[in-house]
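Hi,

Here is the structure I promised to pass on to you. Have a look at it first, and then read my notes below.

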Amino acid sequence: MAQTVVIYHSGYGHTQRVAQFVAQGANAALIAIDAEGNISDADWAALDGADAIIFGSPTYMGMASWQFKKFADASSKRWFSGAWKDKVAGGFTISASPSGDKLSTLQYFITLSMQQGMIWVGQPAMNDGTTNRIGSNSGVMAQVGPTSPAEDIPQGDLDTAKAYGARVAAIAAKLRG
């Protein structure tokens, strides 16, 4: 089985909830980026040792949070050494609006992955009104109202996240084998 890590920033708990479902599907370790945009040396080691990394951030003002971007900028040391080259990558995001420009966040993750020499995994589930209800194939998009708690995230979004985590881990296992 491939070793998968989900790294995410969550400002209010919504992204954390989605991350938990992605991690369940992937049987992955979870790493939370703190409120200052930092992770520990042990977290960096876990990312370096992983076969797959799944990125997560809320979409704020049409982009990943500044805390996630700080982490991404700090990953440039990995870029320089090629440490994440050929790892499998994926991503997810959540916002309060049905669009919320979530695609910009996923495209940021894709660009980060390509710069690192990683292999991006898309999200193939068809929109059936519940599963992949937002209709994203670039990664997972979830949505819940602006005053709703994380517990109100639609179950279909969480099921999509779990299935996507399983897909990323399965592809990593195939490539590893």
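**What I found**

Val5 of strand E1 stands opposite Ala29 in strand E2. Please keep in mind throughout that this is a predicted model.

Let me stay with E1 for a moment. On its other pairing, Val5 stands opposite Ile53 in E3. E1 (residues 4–8) and E3 (residues 52–60) run parallel and share 5 bridges, while E1 and E2 (residues 29–32), also parallel, are joined by 4 bridges. Between E1 and E2 comes helix H1 (residues 14–26), and E1, H1 and E2 together make a right-handed β-α-β unit.

The side chains of E1 are worth a look too. In a regular strand, side chains alternate between the two faces of the sheet. Here Thr4, Val6 and Tyr8 point one way, whereas Val5 and Ile7 point the other way, and all of them are buried. That fits with the strand as a whole being mostly covered, with 5 of its 5 residues buried.

Next, the aromatic residues. The chain has 11 aromatic pairs. One of them is Phe68 with Phe71, an edge-to-face pair with 5.4 Å from centre to centre and 65° between the planes. Why are these two separated by about one helical turn? They are 3 residues apart in helix H3 (residues 66–74), so about one turn lies between them. Phe68 has a relative accessible area of 0% and is therefore buried, and Phe71 is buried as well, because its relative accessibility is 2%. A second pair, Tyr108 and Phe109, has ring centres 6.5 Å apart and planes at 55°, so this pair is tilted. Phe109 is buried too, at a relative accessible area of 0%. Ring pairs link Trp44, Phe55, Phe68, Phe71, Trp84, Tyr108 and Phe109 into a cluster.

H3 has more to show. Its buried residues are Gln67, Phe68, Phe71 and Ala72. These residues cover an arc of only 140° around the axis, so they sit on the same side of H3. What do the buried residues of H3 pack against? Their partners are E1, helix H2 (41–49), E3, strand E4 (63–64), helix H4 (76–81) and helix H5 (102–115).

For contrast, try Pro146. Where is it found? Pro146 is in the loop between strand E7 (140–143) and helix H6 (155–176). Is Pro146 buried or exposed? Its relative accessibility is 72%, so Pro146 counts as exposed. The C-alpha atoms of Pro146 and Ile94 are 11 Å apart, with the two positions 52 residues apart along the chain.

Finally, the overall picture. The protein chain has 6 helices and 7 strands, and from the N terminus the order of elements is β-α-β-α-β-β-α-α-β-α-β-β-α. The radius of gyration is 15 Å, close to the 16 Å that the globule rule gives for 177 residues, so the chain is as compact as a globular protein of that length. Along the principal axes, the C-alpha atoms fill a box of roughly 40 × 35 × 25 Å. Of the 177 residues, 47% are buried. Among contacts between residues at least 6 apart in sequence, 77% join residues at least 24 apart.

Best wishes

How values were computed: Residues are numbered from 1 along each chain as its sequence is written. This is a predicted model: local features need pLDDT of at least 70, side-chain atom pairs count only at pLDDT 80 or more; totals for chains, interfaces and linings use all residues. Side-chain values use heavy atoms; hydrogens and water are left out. Buried means under 20% relative accessible area, exposed over 50%, partly exposed in between (1.4 Å probe, protein chains only). Two strands pair if DSSP finds at least two bridges between them. A crossover is right-handed if, with the strands pointing away from the viewer, the path from the first strand over the helix to the second runs clockwise. Rings of Phe, Tyr and Trp (its six-membered ring) pair if their centres lie within 6.5 Å; planes under 30 degrees apart count as stacked, over 60 as edge-to-face and the rest as tilted. The arc is that of the directions from the helix axis to the C-beta atoms. Contact means heavy atoms within 4.5 Å. The radius of gyration is taken over C-alpha atoms; the globule rule is 2.2 Å times the number of residues to the power 0.38.
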